[in-house]
Amino acid sequence: MLELFILETCPYCQKVMNYMDEKRVKYIKTNTKDHENAMKLITIGGKDQVPFLYNDETDDRIYESDEIVEYIRKRV
């Protein structure tokens, strides 16, 4: 399953969420405003930066909105 770590106010996160919603991609949205979610982000990704996409099926870990959109585009 795809898990997207975001902050609701982040324009780059909004860009990724809008694209994924438009393409009807199923994903888990994890808001890093919550401290536990922020710690999970750092544990999985290694740094406190959003947006961050984690694919637990392939262990792909991607930062940067354009790279995330490209990753999704290739898989939809």
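This report describes the sheet and the helices of a predicted model.

**Sheet**

The strands form an open sheet of four, in the order β2-β1-β3-β4, and their pairing is mixed. Strands β2 (27-31) and β4 (60-63) are at the edges; each has a single partner strand, so one side of each is left without a neighbour in the sheet. From one strand to the next, the twist averages 15°. Strands of a sheet pair through backbone hydrogen bonds, either parallel or antiparallel. Strand β1 (residues 2-6) runs parallel to β2, and five bridges join the two. Within this pair, Glu3 of β1 is placed opposite Ile28 in β2.

**Helices on the sheet**

Two helices that pack on the sheet are listed below with the strands they touch.

| Helix | Residues | Strands touched | Angle between directions |
|---|---|---|---|
| α2 | 35-45 | β1, β2, β3 (52-55), β4 | about 120° with β1 |
| α3 | 65-75 | β1, β3, β4 | about 135° with β4 |

**Helix α2**

The buried residues of α2 are Ala38, Leu41 and Ile44. Viewed down the axis of α2, these buried residues fall within an arc of 130°, so they line one face of the helix. An α-helix has 3.6 residues a turn, so residues three or four places apart point the same way. The buried residues of α2 pack against β1, β3 and β4. On the face turned away from the buried side, α2 carries the exposed residues His35, Glu36 and Thr43.

Both ends of α2 can be described. At the N-terminal end, Asp34 acts as a cap: one of the side-chain oxygens of Asp34 lies 2.8 Å from the backbone nitrogen of Glu36. After α2 comes Gly46, which has a positive phi, near 95°.

**Helices α1 and α3**

Two packed helices are described by the angle between their axes and the distance between the axes. For helix α1 (residues 11-22) and α3, the packing angle is about 10° and the axes are 9 Å apart. Angles under 35 degrees count as roughly parallel, and α1 is therefore roughly parallel to α3. On the α1 side, the contact is made by Tyr12, Lys15, Val16, Tyr19 and Met20. On the α3 side, Ser65, Asp66, Ile68, Val69, Ile72 and Arg73 take part. Helix α3 thus has contacts with α1 as well as with strands β1, β3 and β4 of the sheet.

Key: Residues are numbered from 1 along each chain as its sequence is written. This is a predicted model: local features need pLDDT of at least 70, side-chain atom pairs count only at pLDDT 80 or more; totals for chains, interfaces and linings use all residues. Side-chain values use heavy atoms; hydrogens and water are left out. Two strands pair if DSSP finds at least two bridges between them. Axes are lines fitted to C-alpha atoms, for helices over the stretch in contact, and angles run from 0 to 180 degrees between N-to-C directions. Contact means heavy atoms within 4.5 Å. Buried means under 20% relative accessible area, exposed over 50%, partly exposed in between (1.4 Å probe, protein chains only). The arc is that of the directions from the helix axis to the C-beta atoms. A polar contact is a pair of N or O atoms within 3.5 Å; within protein, one must be able to donate a hydrogen and the other to accept it, and residues adjacent in sequence count only if both atoms are side-chain atoms. Angles under 35 degrees count as roughly parallel, over 145 as roughly antiparallel, 65 to 115 as roughly perpendicular and the rest as oblique.
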